Amino acid sequence: MEIPALAQYERALKFRAQRNEVLSSNIANADTPNYKARDLDFGQALKGARQQSIGLTQTSDLHKQAWGMTRQGAQTMYRVPTQPSLDGNTVSTDVEQAQFAENALQYRASLAFLDGSIRTLRMAIKGGE
Amino acid sequence: MGLFNVFDVAGSAMNAQSLRMNVTASNLANAGSVSGDPEKVYRAKQPVFSTFTQSLAEQGGVAGVRVDGIVDSGAPLQLRYQPDHPEADADGNVYATNVNTVEEMVNMMSASRSYKNNVEMINTTKDLLLQTLSLGR
């Protein structure tokens, strides 16, 4: 069963895990001839998720619909090379490392939000203990 | 769970880079070798990397590294006139290997940097997974 309050973080984590994979492939292939660096587009993932509500119950007109993030919306795209090299490889290790670090931080952030939600739920279940 | 694939990807890259280090070590060790027979001279070796994917659509852009093979360098051998050399041929020439020491040193540094990058990647991903495991505690 999917708990709506947790679902958005779960989807965000999924997206971050997926992006972590793609970025690690880039760093791993930093010396492979003809390898083209790839990335996932966060904006696109969010847009794709807009069509997919996470199903919170709206009991008032003032309530806003909540949206989650999915992999379906995010396409793997080739990165525009900043410094193309002779062997056809388009990985800039520094760019990829920065993106990797940023993505890991975002993963940790999503994890912290999810952790907070779980704590809140547990507190509610235990009656504020 | 997607994060586990990172270990495979980084592992394949580390394997490729350590092989590159081995090849470099072998080249540097043979940097001074000479022979009277051009066929027998040690030629610099280079590994050839390629991207390894099971299925791009299925894996969503996840790709490891594979070593396709090790090729001999086609750079010309150095011909030296050294009639007193025990290996010298009938004309008094010896052939020196085509290993370029500077190139090999650069190769070695590049391989070790790439290797370290992959180790860092594994460490970060391991941290993320461990944090995920301790979720809600």
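**Exercise 1.** In this predicted model, find out in which sense β1(B) and strand β5 (residues 93-96) of chain B pair, and place the pair in its sheet.

*Solution.* Begin with the pair itself: β1(B) and β5(B) run in the antiparallel sense and are joined over two bridges. To see one partner, take V34(B), whose bridge partner in β5(B) is A96(B). Next, widen the view to the open sheet of chain B, in which three strands follow the order β1-β5-β4 with antiparallel pairing. Because β1 (34-35) and β4 (78-81) of chain B each have a single partner strand, they stand at the edges, and one side of each is left without a neighbour in the sheet.

**Exercise 2.** Check whether the end-to-end distance of helix α3 (residues 101-133) of chain B agrees with the expected span, and state what its buried residues pack against.

*Solution.* The helix has 33 residues, and at 1.5 Å a residue it should span 48 Å; since the end C-alpha atoms are 48 Å apart, the two values agree. Then look for the buried positions of α3(B), among them N107(B), A111(B), S114(B), M121(B) and L128(B). The buried residues of this helix pack against α1 (5-29) of chain B, and also against α1 (4-28) and α3 (93-126) of chain A.

**Exercise 3.** Describe the side of chain B that touches chain A, by residue count, by element and by class.

*Solution.* Count first: chain B gives 30 residues to the contact and chain A gives 26 residues. On the side of chain B, the elements that provide two or more residues are α1, β2 (45-52), β3 (64-72) and α3, and the largest share, ten residues, comes from α3(B). Sorted by class, this side of chain B holds 17 polar and 13 nonpolar residues, with no charged residues.

How values were computed: Residues numbered from 1 in each chain as written. Chains lettered and ligands numbered in written order. Predicted model: local features only at pLDDT ≥ 70, side-chain atom pairs only at ≥ 80, totals over all residues. Helix = DSSP H or I, 4+ residues; strand = E, 2+ residues; numbered from the N terminus. Expected span 1.5 Å × (residues − 1). Buried ≥ 20, exposed ≤ 12 C-beta atoms within 10 Å, placed from the backbone. Contact = placed C-beta atoms within 7 Å. Nonpolar A, V, L, I, M, F, W, Y, C, P; charged D, E, K, R; others polar. Pairing = 2+ DSSP bridges.
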